[in-house]
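The following note is offered to a colleague who is meeting this structure for the first time. Please read the numbered points alongside the display.

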Amino acid sequence: GAEVVINDSSSPAVVDRSNESIKHNIKPASSKWRHNQTLSLKIRKQILKFLDAEKDISVLKGTLKPGDIIHYVFDRDSTMNVSQNLYELLPRTSPLKGKQFPTCAIVGNSGVLLSSGCGPEIDAHSFVIRCNLAPVQEYSQDVGMKTDLVTMNPSVIQRAFEDLVNETWREKLLQRLHSLNGSILWIPAFMAKGGKERVEWVNELILKHHINVRTAYPSLRLLHAVRGYWLTNKVHIKRPTTGLLMYTLATRFCNQIYLYGFWPFPLDQNQNPVKYHYYDSLKYGYTSQASPHTMPLEFKALKTLHQQGALKLTVGECD
Ligand code: CTP
């Protein structure tokens, strides 16, 4: 397998609030980082043993019909019915079918992006992935605007759009969706039971307003497959974050992968405070003690890959 051996089975349950950032020092972008093509290909091959991004990125129309019953991945005892709207929005073929990109950017949501000036560099990549409908317009200098794929956990509707309580919030979401302008909107609809109505609201809006997005709903096996891959590399992740899922998927269709906005620590490399998100006031550890994410552990794994040249992490200013 790939030489990614990260031995740390202690899984901190919350985002690390200590001075971890010191340990995680990454050399400035100007210092020599070289892409390791051999390792990247090796990792792609190894991940393909667990999942195939082309297939697992979305359930396809041919495999479901309205009325089918689905058990949630994390809440096995709860089920949902495939609605007519959801069925209509399932893609006929994989949105990534046959795709290969020379370079991809995956943009995480850490406040480390603020004042980075990374916008133009991010937008220069051939494929740009963003997470959880994070706003771009007001932050374009630091995060860029180009969006080829954006994820949307159902919880975003609650957190960032007030569960669409009134017209103002509905309008806000509509605007954001309209601005996606043909990109892929990736909605994990089958993961946790809590998001049922939220997914339906979004589906309804997209259809009613003829919004130009290509919807995708990750396969039921994706999460387990991703966890399985990382487990065999000794990275014990309870529930991979969106960011790690995106990296794992991207290995299939991106030659070089560049990560921005991945920094799950409250202080930057110069010991200045960093916001959890670049665009809101969510705090570190907003997730409870029971949080299934182990972001610092994931970060450690990504950092090792950075040092090996399999991906490039940018955690400071862009040149
Ligand atoms: N991220 C990070 N450091 C932060 C915040 C986010 O590395 N301070 C990365 C994580 O990989 C995360 C991704 O950026 O999955 C997107 O951020 P966010 O929308 O905050 O994801 P969460 O809601 O925290 O977690 P998830 O959607 O993965 O459940």
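1. Accessible areas here come from the Shrake-Rupley method with a 1.4 Å probe. On that basis, the protein chain exposes about 14400 Å², and carbon and sulfur atoms supply 50% of this area. It should be kept in mind that the model is a predicted one.

2. The protein chain has 319 residues, of which 55% count as buried. Its secondary structure comprises 12 helices and nine strands.

3. Contacts between residues at least 6 apart in sequence were also examined in the protein chain. Of these, 74% join residues that are at least 24 apart.

4. Seven strands form an open sheet with parallel pairing, in the order S7-S6-S5-S4-S3-S8-S9. The edges are occupied by strand S7 (214-216) and strand S9 (312-314). Each of these two has a single partner strand, so one side of each is left without a neighbour in the sheet. From one strand to the next, the twist averages 20°.

5. Within this sheet, strand S5 (residues 149-151) pairs with strand S6 (residues 184-186) in the parallel sense, over three bridges. Which residue of S6 is the bridge partner of Thr151? The partner is Trp186.

6. Helix H11 (residues 242-253) deserves separate mention, as a helix that lies across S5 and S6. The same helix also lies across strand S3 (101-107), strand S4 (127-130) and strand S8 (254-260). Relative to S8, helix H11 runs at about 160°.

Definitions and conventions
Residues are numbered from 1 along each chain as its sequence is written. This is a predicted model: local features need pLDDT of at least 70, side-chain atom pairs count only at pLDDT 80 or more; totals for chains, interfaces and linings use all residues. Side-chain values use heavy atoms; hydrogens and water are left out. Two strands pair if DSSP finds at least two bridges between them. Helices (H or I, at least four residues) and strands (E, at least two) are DSSP runs, numbered from the N terminus. Axes are lines fitted to C-alpha atoms, for helices over the stretch in contact, and angles run from 0 to 180 degrees between N-to-C directions. Contact means heavy atoms within 4.5 Å. Buried means under 20% relative accessible area, exposed over 50%, partly exposed in between (1.4 Å probe, protein chains only).
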